[in-house]
Amino acid sequence: MKFNKENMPKSIAIIMDGNRRWAKVQGKPVSFGHKEGAKTLEKIVRYANKIGLEYITVYAFSTENWNRSKDEVEFLMKLLFQTIKDEILDLNKNEIKVKFIGDLSKLSDSLQNLLYKTENDTKNNNGVNLQIAFNYGSKNEIVNAVKRIIKDGIKAEDIDEALISNYLYTSHIPDPDLLIRTGGEMRISNFLTYQSAYSEILVLEKYWPQFDEKELANAVIEFKRRNRRFGA
């Protein structure tokens, strides 16, 4: 499907929810759901690149996800490592630029090194900008931003919305025009709270492994239909 560039969302954010519930419906283990979710992400990023989306930010692992079982957390860490390692050549082939946002200091040294290497290896690519939020929480992000502002000695009267935005993990990209959540839950779950103040929100009942190119195309079409007023 080809899109008229007029009224295209510049930046899309996705809460990739429903891997575990989808796996349960299939009678499969949680790990199966996460593997299929990773495949869905690969497919969607390629399609986003194909239709000319500029920025896509996905919620992969939250600061609260550490509360899941040890086995599931370890599996998610290994899945991220292996997926990135397997996909790096394809990312460069498709000119996809990758950035990881969140508190990466909590991850293993080997995983951190791979993530930073991937960022460096793809930094000159000219395709879609993919942000993967890992060990990310919006409240934690805002707290860290405030601490850095104080550390930099910035006066209270010099603090405004633009300055705060510049201290967030997403300072290098525009705020999301469209926030998509799969899995039917009606909440943003500590994801891009500051940045999504005026995002259009689309909640889909389908679980993340069921999300496909057609769903993304329909989301873009739905966005184009909406009248954004920004409080006016």
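**Legends: from the whole fold to one surface patch**

**View 1. The whole chain, checked for overall size.** For its 232 residues, a compact globule would have a radius of gyration near 17 Å, and the protein comes in at 18 Å, so the two agree. Keep in mind that this is a predicted model. Along the principal axes, the C-alpha atoms take up a box of roughly 55 × 45 × 35 Å.

**View 2. The helices and strands.** Count them up and you get seven helices and six strands. Follow the chain along the sequence and the pattern reads β-α-α-β-α-β-α-β-α-α-β-β-α.

**View 3. Inside and outside.** Buried residues account for 46% of the 232 in the protein. How much of the contact tally, at a separation of 6 or more, comes from residues 24 or more positions apart? Their share is 78%. On the outside, the accessible surface adds up to about 12,600 Å², and carbon and sulfur atoms hold 49% of that.

**View 4. A nonpolar patch on the surface.** Zoom in on Ile142, Val146 and Ile150, which together make a nonpolar surface patch of about 250 Å².

**View 5. One patch member, Ile142.** Which helix does Ile142 sit in? Ile142 belongs to helix H5, which covers residues 138–151. Its relative accessible area is 30%, so Ile142 counts as partly exposed: that label goes to residues between the buried cut-off of under 20% and the exposed cut-off of over 50%. Ile142 shares the nonpolar patch with Val146 and Ile150.

Definitions and conventions:
Residues are numbered from 1 along each chain as its sequence is written. This is a predicted model: local features need pLDDT of at least 70, side-chain atom pairs count only at pLDDT 80 or more; totals for chains, interfaces and linings use all residues. Side-chain values use heavy atoms; hydrogens and water are left out. Patches are made of residues with over 30% relative accessible area and no salt bridge: like charges are joined within 9 Å, nonpolar side chains (Val, Leu, Ile, Met, Phe, Trp, Tyr) within 5 Å. Accessible areas come from the Shrake-Rupley method with a 1.4 Å probe; for residues, only the protein chains shown count as cover. A salt bridge is a side-chain nitrogen of Lys or Arg within 4 Å of a carboxyl oxygen of Asp or Glu. Helices (H or I, at least four residues) and strands (E, at least two) are DSSP runs, numbered from the N terminus. Buried means under 20% relative accessible area, exposed over 50%, partly exposed in between (1.4 Å probe, protein chains only). The radius of gyration is taken over C-alpha atoms; the globule rule is 2.2 Å times the number of residues to the power 0.38. Contact means heavy atoms within 4.5 Å.
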